[in-house]
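Visitor: I'd like a walk through this model, one question at a time. Can you take me around?

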Amino acid sequence: MSQRIYDVAIIGGGPAGLAAAYGARQAGAESVLVIERDRELGGILQQCIHNGFGLHKFQEELTGPGYASRYIKLIRQDAKIEVMLDTMVLEVAADKSIWAVNPKFGLMQIATKAVIFTMGCRERTRGAIRIPGYRPAGVFTAGAAQRMVNMEGYLPGKKIVILGSGDIGLIMARRMSLEGAKVQGVLEIMPYSNGLTRNIVQCLEDYDIPLYLSHTITKIHGAERVTGITCAAVDGKMQPIPGTEFDIECDCLLLSVGLIPENELSQAVGVKLDAITSGPVVNQLRQTSLPGFFAAGNVVHVHDLVDFVSEEGGIAGKYAAQYARGNLSAPVRTITVTAGTGVRTVVPQQIDVPATVIEPVRLFMRVTQPDKKIAISITSADQTLVSRRLPVAKPSEMIVIEMPASKLEEAGEQLTFSIQTQ
Amino acid sequence: MLNINKTDIVVIGGGITGTAIARELSKYELDVVLFEKFPDIGAGSTKANSAILHAGFDAKPGSLKAQLNVRGNKLYHDLEEELGLEVKWIGSLVVAVNDEEMKTLTELLERGRTNGVAGLEILSREEVLDREPQITQNVAGALWAPSAGIFLPFGAALAFAENAVRNGVKVITDCPVEEIVTEAGKITGVRTKHGFLAAKYVINAAGVYADEISRLAGDDSFAIKPRKGEYILFDKKTSNLFKHVLFPAPSKVSKGILLSPTVHGNIFVGPNAQDTADKEDVATSTDGLNEIINKAKQLIPSLPLGAAITQFSGLRAAADGDGDFIIQPSSVTQGLIHAAGIQSPGLTSAPAIAEMVSSILRQQGVELKHKVSFDPVNPRKIIFRDLSHEAQQQLIAQNPLYGRVICRCETVTEAEIVEAIHDSCGARTLDAVKRRTRAGMGRCQGGFCGPRVTAILARELNIPITAVRKDSPEAYLFFNKMTADCKEVLA
Amino acid sequence: MTQCVRKINCIVCPLSCVGEITSEDGQIQTITGFVCDRGKKYAKEEMTSPKRTLTTTVKVLGGALPLLPVVSKLPLPKDRVMACAQYLSTVSVKAPVAKGDIICPNILGLKVDIVATRDMPISQKS
């Protein structure tokens, strides 16, 4: 291994990392390294064989692998982007050196001028939500099962119950049905599904799969292999209501109960994390609290559209390249972005305003609860700078609000996002 | 496979007790075979408990528990060295929150001194708060026992088994004993799926099934009444919450719901105590988990529930009667020796139980001639994440599979997993790999590494992926995809 | 005369309009509740001949990975999707495959091709 110093090193070769690599090169980075632990680039997209990707970005409905291949082609065509597959990053140090390991080159210490974290998410586990019962074979997180079905070629079970009606759970309901399994039902603890309506139709209604809203699982049965589950209706505090329990027979439980940004590496190097997103606090350039360390994609906050992941990756790549080339202009002031009434998260959490404000800033937010006919306002002190009306808003659908440069100049030290119902 | 039809001693049960006995017996010129019904050793209570090396103040003076606890605790200091056991002598605090409980502490102190436990002292409220800043403000004082420790019970059972094998013992897993054959009240052998094995002595170390094994030999002098204990394990980022094993003041039924660090930097809370008739009942329950959370919070109010990563439960193999260990020859069947009813402090007592079983055999007329070639030491295993960068690089140069990290949460390499499969008491299931390497014990609980470890098991054991099991005999993980009959579909 | 009122969830865009179609003896009478023409078109088709795109995998022989993800180039009749999926579970293809290659032309005579959604090179392992 050479002792070269990369301009930009990107940890994670999924959609965020791929877009970051491309963005970095577009912005003038002379050497870019993408480090990926799997056997190929593309990240989670490779197992998302369904379509619906790229409607914004490419005005086409692509499958996950199809979307990934667009970027992979760009990356592979560029001689100045180096890719390391089958390589695990063990540690990122404060001086930006990256310790990584693979069977071919062994342990490597990689030197770079800028680091971009694009590690994505892990899935919330049974243990994290404390479902009581036995610990039989046959309990899988939906994503892990998706990989087995779509990439390795095995089924996790033949009679399935799915906990969680977010898109991953809904997609797996359809996928398992197409593979000949019987999906007994999808259980959702909230009174509404977090998934896209089109997925409720295409994945549940099309296959006559019942959706039990306001339900949760109270016990898993089967000492060796799952034999069934007990579920119950829940009250307003999401607690099981005694007397409402019923059993569903199954040999497999798929859990689609949330994604958690995977920030072990970022946290270890000392990057400041946002307690609500579980990702790094970033500014509009996607730089973290440590200069030269950037982050983009699911590792910052859980996305629902890969198009926005690519946008975010591109931003991180662009400014990481500028940082590496010494061209990142110092900000003149910092604006803190706060999630106010009705808003759960806003990214970026900080705007580092440059001396000359030319570009608008796009902010990505989620509401706390589903609502209709709302107004989103961005206020500074008591002044409303931006207001946007939306007919429908759901926590599961990320909303982009653009803040024009002129409004940024008017903004004080704090911007607050809040929701008003009309 | 078993290619012999005669042996001197059969040990039934591959938990901490059976493996400790096998290791002890391997010091002598004896043929020993250990049978374990599950696919892995330590698959019963040994893998689901508090993992504490008790100081020994809790057991009733004069009982076997008291005697063997204190002796066992001492023996682990030597075993730690010989077998490379992971042990941390962190000491324990029995925490009192009122005057009544302070009196109990004094009783425990005296009991401990009678049992021969060194270093016990009562600490004041201030002293406890100083050592454990996160402890409840209600603390009145605590009993400090410096000789208590924490360890890896599964690791110890594995080390005992591997050392036993190293010294000539045959350890056969996935092999329940189906019949104990007797003639005129004397054992002549056992029958398993491998056929009949002639033997004069059978050591009953069968854990929760010890009464059933005993009955197989015609002895129904005791019953095992399993008592379930549930646990919650927490993420390693909670590791600086407290430093010592924390007990509440004990009740008559159990040592109470405790909090403890683990050797690898996690913390756990538990166990509760619930009698169950079903020996397979290791299900956790809503009520049980709530019970241990509430009790644990009484000692450490800041317990971060959001950092829980898994829950499990184990069964205490509690014998009826006075609840003491049953370590004695059967009064009904000649040749049957019980090491039964091994509930707490069973883990700590195991090496001392093994000594006692040896001396029972000697009393029964078995010649215990020391094996000149006995090697007390196990070769050390490679733990990649603990090595220096230089050592890691050297390893990978020799074996590239050290360069592929399979379990990202715990940094476990493919080579370590392959070794765990091919070692002398090798892993044959997903959880067996987990227990040996820690792959799957981290935050993502096997979400990332599970499929990969499954594929490695299939490859190394030369079996299809669909034949790989999670843990127990029928715990298959994946199925082949269903293909439709083409003609039917086209019609 | 049998009048039928059917509620339809449009799946074309995130607005997810919920509209109504009334029909009499199988003939569509009124379509209400959809904000745009795309929704009306979807609703009509959903009523008369619903279609769905199929995405699934087929086996690969000698490929870098064991499975190849595929998609129906056009939406298939909704009531034939399972049969197509079952048929494809019997299909295997030899590597190398290029994205867009037709894996199964005119599947089950429905005039829709099934194509690869990614490249699949030959396996590097010996």
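Visitor: Let's start in chain C: is Asp79(C) buried or exposed?

Guide: Keep in mind that this is a predicted model. Asp79(C) sits in the loop between strand 7 (76-77) and helix 2 (81-88) of chain C. A residue counts as exposed if 12 or fewer other C-beta atoms lie within 10 Å of its own. Asp79(C) has 12 such neighbours, so the verdict is exposed.

Visitor: And what separates the C-alpha atoms of Asp79(C) and Val12(C)?

Guide: Along the chain, these two are 67 residues apart. In space, the separation of their C-alpha atoms is 20 Å.

Visitor: Over to the interior: which residues have the most contacts inside the largest nonpolar core?

Guide: That core has 290 residues. Its largest share, 10 residues, is supplied by helix 8 (residues 306-324) of chain A. Apart from it there's another core of 22 residues, including Leu67(C) and Val81(C). In the largest one, the residues with the most contacts are Val8(A), Ile116(A) and Val95(B).

Visitor: Which residues does Val8(A) touch, leaving aside those up to four places away in sequence?

Guide: Some of its partners come early in chain A, among them Ala24(A), Ala29(A) and Val32(A). Thr112(A), Ala114(A) and Ile116(A) are on the list too. The rest of the list is Gly317(A), Ala320(A), Ala321(A) and Ala324(A).

Visitor: Val32(A) belongs to strand 2 of chain A; which residues of that strand are buried on each side?

Guide: In a regular strand the side chains alternate between the two faces of the sheet. Strand 2 (residues 32-35) of chain A is covered on both faces. One side has the buried Val32(A) and Val34(A), and the other has the buried Leu33(A) and Ile35(A).

Visitor: What is the bridge partner of Ile10(A) in strand 2 of chain A?

Guide: Strand 1 (residues 5-11) of chain A pairs with strand 2 of chain A in the parallel sense, over 4 bridges. Within strand 2, the partner of Ile10(A) is Val34(A).

Visitor: Staying in chain A, what is the order of the open sheet of 5 strands?

Guide: Start with the edges, where each strand pairs on one side only: strand 23 (350-353) and strand 26 of chain A. Strand 25 (residues 371-380) is joined to strand 26 (residues 383-393) by 9 bridges, running antiparallel, and to strand 28 (residues 414-421) by 6 bridges, also antiparallel. The pairing in the sheet is mixed overall, and its order is 23-21-28-25-26.

Visitor: Which residue in the turn between strands 25 and 26 of chain A has a positive phi?

Guide: The two strands form a hairpin with 2 residues between them. Back in the paired part, Lys372(A) has Val392(A) as its bridge partner in strand 26. The turn residue with a positive phi, about 55°, is Ala381(A).

Visitor: How many residues does each chain give to the contact between chains A and B?

Guide: On the side of chain B, the residues divide into 22 nonpolar, 16 polar and 8 charged. Elements giving two or more residues there include helix 9 (389-398) and strand 24 (479-480) of chain B. The count is 46 residues from chain B and 37 residues from chain A.

Visitor: What is the bridge partner of Tyr154(A) in strand 24 of chain B?

Guide: Here the pairing crosses chains: strand 11 (residues 154-155) of chain A and strand 24 of chain B are antiparallel, with 2 bridges. Tyr154(A) is matched with Asn480(B).

Visitor: And why do the buried residues of helix 9 of chain B lie on the same side?

Guide: The buried ones are Gln392(B), Leu395(B) and Ile396(B), and their cover includes strand 8 (106-117) of chain A. Turned away from that side are the exposed Glu390(B), Ala397(B) and Gln398(B). The buried three share a side because the arc they cover around the axis is only 95°.

Visitor: One last stop: how much are neighbouring strands turned against each other, on average, in the open sheet of 3 strands in chain B?

Guide: This sheet has the order 10-11-12 and antiparallel pairing. Strands 10 and 11 are joined by 5 bridges, and Val181(B) is partnered with Gly189(B) in strand 11. Ignoring direction, the average turn between neighbouring strands is 30°.

Conventions. Residues are numbered from 1 along each chain as its sequence is written. Chains are lettered from A and ligands numbered from 1 in the order in which they are written. This is a predicted model: local features need pLDDT of at least 70, side-chain atom pairs count only at pLDDT 80 or more; totals for chains, interfaces and linings use all residues. Two strands pair if DSSP finds at least two bridges between them. Axes are lines fitted to C-alpha atoms, for helices over the stretch in contact, and angles run from 0 to 180 degrees between N-to-C directions. A nonpolar core is a set of buried Ala, Val, Leu, Ile, Met, Phe, Trp, Tyr and Cys residues joined through C-beta atoms within 7 Å. A residue is buried if 20 or more other C-beta atoms lie within 10 Å of its own, exposed if 12 or fewer, and partly exposed in between; C-beta atoms are placed from the backbone. Two residues are in contact if their C-beta atoms, placed from the backbone, lie within 7 Å. Ala, Val, Leu, Ile, Met, Phe, Trp, Tyr, Cys and Pro count as nonpolar, Asp, Glu, Lys and Arg as charged, and the others, Gly among them, as polar. The arc is that of the directions from the helix axis to the C-beta atoms.
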